[in-house]
Amino acid sequence: MRKRQVVLRRTEQASAASSFTVVRYGECQKNHAAGVGGYAVDGCREFMASNGEEGTTAALTCAACGCHRNFHRREVETVCECSSPSSNGA
């Protein structure tokens, strides 16, 4: 299965630099023993989207553990594609 990466937004600045935010969902943090007063997680290491069309509820379900995507740890990374300042040659 493939890793899930979502580009949330892309911003263009006047200086021709652009950046975008990449969100990745890591290990599952759902407590399966909450009903009995304990703490136990299932060990799912990374969110893998089920076979479903993007934007449907099936795409928000993890294929490995069956949990909703919100139970997985969210990792946000901002990537900047900045242009280097021009050298003056002096």
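The following questions and answers concern a predicted model.

Student: How many helices and how many strands does the protein have?
Tutor: The elements run β-β-β from the N terminus on. The count for the secondary structure is therefore, with elements taken as DSSP runs, zero helices and three strands.

Student: Which residue lies in the loop between β2 (18-28) and β3 (72-81) and pairs with Arg24 in strand β2?
Tutor: A salt bridge joins the side chain of Arg24 to a glutamate at 3.6 Å, N to O. The two partners are 22 residues apart in sequence, so the bridge ties together a strand and a loop. The residue in the loop is Glu46.

Student: Is Glu46 buried or exposed?
Tutor: Buried means under 20% relative accessible area. Glu46 has a relative accessible area of 17%, whereas Arg24, at 25%, counts as partly exposed. Glu46 is therefore, by the cut-off of 20%, buried.

Student: How many residues apart are Arg24 and Glu75?
Tutor: The side chains of Arg24 and Glu75 meet in a salt bridge at 2.4 Å, N to O. The pair links distant parts of the chain, with Arg24 in strand β2 and Glu75 in strand β3. Their separation is 51 residues.

Student: Which residues are linked in a network of salt bridges?
Tutor: A search of the whole structure finds four salt bridges. One of them joins Arg73 and Glu75 at 2.8 Å, N to O; Arg73 is partly exposed at 30% relative accessible area, and Glu75 is partly exposed at 25%. The network consists of Arg24, Glu27, Glu46, Arg73 and Glu75.

Student: Which eight residues form the largest nonpolar core?
Tutor: In soluble globular proteins, nonpolar side chains tend to be buried together. In this model, buried residues make up 23% of the 90 residues. The largest nonpolar core is formed by Val23, Tyr25, Cys28, Cys44, Phe47, Ala49, Cys62 and Cys67.

Student: Leaving aside its neighbours within four places in sequence, which residues is Cys67 in contact with?
Tutor: Cys67 belongs to the largest nonpolar core, as do Cys28 and Cys62. Cys28 and Cys62 are among its contacts outside that sequence window. The full list is Cys28, Lys30, His32, Leu60, Thr61, Cys62 and His72.

Student: Among contacts between residues at least 6 apart in sequence, what share joins residues at least 24 apart?
Tutor: The bridge between Arg24 and Glu75 spans 51 residues. For contacts in the protein between residues at least 6 apart, the share joining residues at least 24 apart is 45%.

Student: What part of the exposed area do carbon and sulfur atoms supply?
Tutor: The protein exposes about 6500 Å². Of this area, the part supplied by carbon and sulfur atoms is 49%.

Technical notes. Residues are numbered from 1 along each chain as its sequence is written. This is a predicted model: local features need pLDDT of at least 70, side-chain atom pairs count only at pLDDT 80 or more; totals for chains, interfaces and linings use all residues. Side-chain values use heavy atoms; hydrogens and water are left out. A nonpolar core is a set of buried Ala, Val, Leu, Ile, Met, Phe, Trp, Tyr and Cys residues joined through side-chain atoms within 4.5 Å. Buried means under 20% relative accessible area, exposed over 50%, partly exposed in between (1.4 Å probe, protein chains only). Contact means heavy atoms within 4.5 Å. Helices (H or I, at least four residues) and strands (E, at least two) are DSSP runs, numbered from the N terminus. Accessible areas come from the Shrake-Rupley method with a 1.4 Å probe; for residues, only the protein chains shown count as cover.
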